Amino acid sequence: MTPASRPSDPTPEFRTAARHLGRRRFLTVTGAAAALAFAVNLPASGTAAAAELDPARLTEDPFTLGVASGDPLPGSVLLWTRLAPAPHQADGGLPARRVPVRWELARDEGFRHVLRRGTAVAHPEFNHAVHVEVGGLGENRVYYYRFRAGSWISRTGRTRTAPGPGSAASALSFGLVSCQRYDQGYYTAYRHLAEDDVDVVFHLGDYLYEYAVNSAGGARAYAAGTVPDVHNHETVTLRDYRLRYGLYKSDPDLVAAHAAHPFVVTWDDHETENNYADDVSEKNDPTEEFLLRRAAAYRAYWENMPLRRPQLPDGPDLRLYRRLHWGRLAQFDVLDTRQYRSDQAYGDGWQYPGPESEDPSRTLTGATQERWLIDGWRRSRAVWNVVPQQVTFSQRRNTTAVPSKVSMDSWDGYPASRERVLAGAEAAGVDNLMVLTGDVHVHYAFDIKRDFDDQDSRTLGTEIVTTSVTSGGNGSAKPSDWGAYRAANPHLRFYDGRRGYATVELGRELARVDYKTVPHVTTPGAPLTTAASFVTEVGDQGLKPA
């Protein structure tokens, strides 16, 4: 890393708290819990009784970060906002006081038919974030919502509920996004996605990057001094992560996408630190210190994402894996492949597989999440079983040689874990499996083979890998060694290395995926094109050109 991107040295108080914390399994000990609370700048006694701020004293727009909704359920929506009149200040420009925030949900965009309204409290302990769970709504309906604080009114958001559990829903369309490093380009893809006709958006990780952002915004090439210096170091503390979310979420294209569609989010590594594995950091920092950093990152993530109450973190732990349904059309098992994984084998990177990576005890999901996934498949009655997750699931070799190096950070580095999942899907009778993936900054279309070393084996499903929004810069359509790469991976149906997003349409007879790209992200305003489209049929899995 360059000097500007190195983490800021933890304060002496941070290190002291880390020494007293020990392993996270001892967080129930009062002293350790208090040390953790101190280290992430949370009052040990909470601030529910903090004085209330008169909303009339809000002299600047507090809704600079926009609005969002997430995790649609039958008859229920989750609404989000965070008050931040000054998003580049650690406190968002607000005092440590409670702020009442009114909300409204209506059938129409003009709010002539308001169905629900209420008041939520933006607590300073949550950086004045608001999460409102609105129930008692109709199933499979579109709604509009907004917030009010003092005389200020937020922009209007559009959201929807899911069909009921017994509904024979006939169609669902969704967007796929991932990897939006702020300093590597403009969020043009989000501007197009905001105008796209989808029911929901799945974010597959790397919503935020921990790396420093200089005053010119990196590749965005703003005038020097545009981005405040508080962002010009790696995120380590709760203050750092909160500030960085303030930078990312103030982008107008991202704001527009969140307002247009409900999001279902899961993280990858950069929301905390590159390629961390459970409680092992990239640079093998002391476990106690890294868990404090992870606690800060997880808390800031929850504060800034449209997540429901069950996802509220407990210190350095946050149960992000969860299950959603779209009637009997689709079951979504949202995974977390970071928090519970074994450390990457052979020092990470692209390595030859061997006894260490092939150890059957190694896991990418953790045993509990793995059982939850397979048990869910056994009970599923959905036409499509969809798995939104982070890293490439299908086998991916970089040469035709045997053996060939593979990525130790992806499922290739955990082949026993992948085999247990594939065997579980097969035993559960999952006929239409679809895995959704981000991470690698390219579009891929894979057929999921029961045995990747035997291309004549059964195709169990498909893997749709979406490219990045910005990460990696402008990119190019094909790599220089495309011919060899294609020969090494005959189950690969498509590749495009430009930026963009993907959309998927699920039906009761087939699914269609459209891979969308923009030609550049280092300057704004790029047009959107559909680079390729594929279909896969119910009961006859395998991607075919549309």
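Are Lys516 and Asp196 buried or exposed? In this predicted model, Lys516 is buried, and Asp196 is buried as well. The two residues form a salt bridge in which the closest N and O atoms are 2.8 Å apart. Lys516 belongs to strand E22 (residues 510-518), whereas Asp196 sits in the loop between helix H3 (188-195) and strand E10 (200-203). The pair thus links distant parts of the chain, 320 residues apart.

The model contains 34 salt bridges in total. Another of these is formed by Arg117 and Glu104, with a separation of 3.1 Å between the closest N and O atoms. Arg117 lies in strand E4 (residues 114-122) and Glu104 in strand E3 (residues 99-106), so this pair ties together parts that are 13 residues apart in sequence. The two partners were assigned to opposite accessibility classes: Arg117 has a relative accessibility of 57% and counts as exposed, while Glu104, with a relative accessible area of 10%, is buried.

Glu104 also forms a salt bridge with Arg148, where the closest N and O atoms are 3.6 Å apart. Because Glu104 lies in strand E3 and Arg148 in strand E6 (residues 142-149), this pair ties together parts that are 44 residues apart in sequence. Arg148 is partly exposed, its relative accessible area being 23%. Glu104 therefore has an exposed partner in Arg117 and a partly exposed partner in Arg148. Through shared partners, salt bridges join Glu104, Arg117, Arg146 and Arg148 into one network.

Helix packing was examined for H3, the helix that precedes the loop holding Asp196. Two packed helices are described by the angle between their axes and the distance between the axes. The axes of H3 and helix H5 (residues 252-260) come within 8 Å and cross at roughly 25 degrees. Since angles under 35 degrees count as roughly parallel, H3 is roughly parallel to H5. The crossing of H3 past H5 is left-handed.

On the H3 side, the contact is made by Thr188, Tyr190, Arg191 and Ala194. The H5 side contributes Pro252, Asp253, Leu254, Ala256, Ala257 and Ala260. By residue class, the contact of H3 with H5 comprises seven nonpolar, one polar and two charged residues. Thr188 of H3 is the polar residue, and the charged residues are Arg191 of H3 and Asp253 of H5.

Terms used: Residues numbered from 1 in each chain as written. Predicted model: local features only at pLDDT ≥ 70, side-chain atom pairs only at ≥ 80, totals over all residues. Heavy atoms only, no water. Salt bridge = Lys/Arg side-chain N within 4 Å of Asp/Glu carboxyl O. Helix = DSSP H or I, 4+ residues; strand = E, 2+ residues; numbered from the N terminus. Buried < 20%, exposed > 50% of the residue type's maximum accessible area, 1.4 Å probe, protein only. Axes fitted to C-alpha atoms, helices over the stretch in contact; angles between N-to-C directions. Parallel < 35°, antiparallel > 145°, perpendicular 65-115°, else oblique. Left-handed = near helix turned anticlockwise from the far one by under 90°. Contact = heavy atoms within 4.5 Å.
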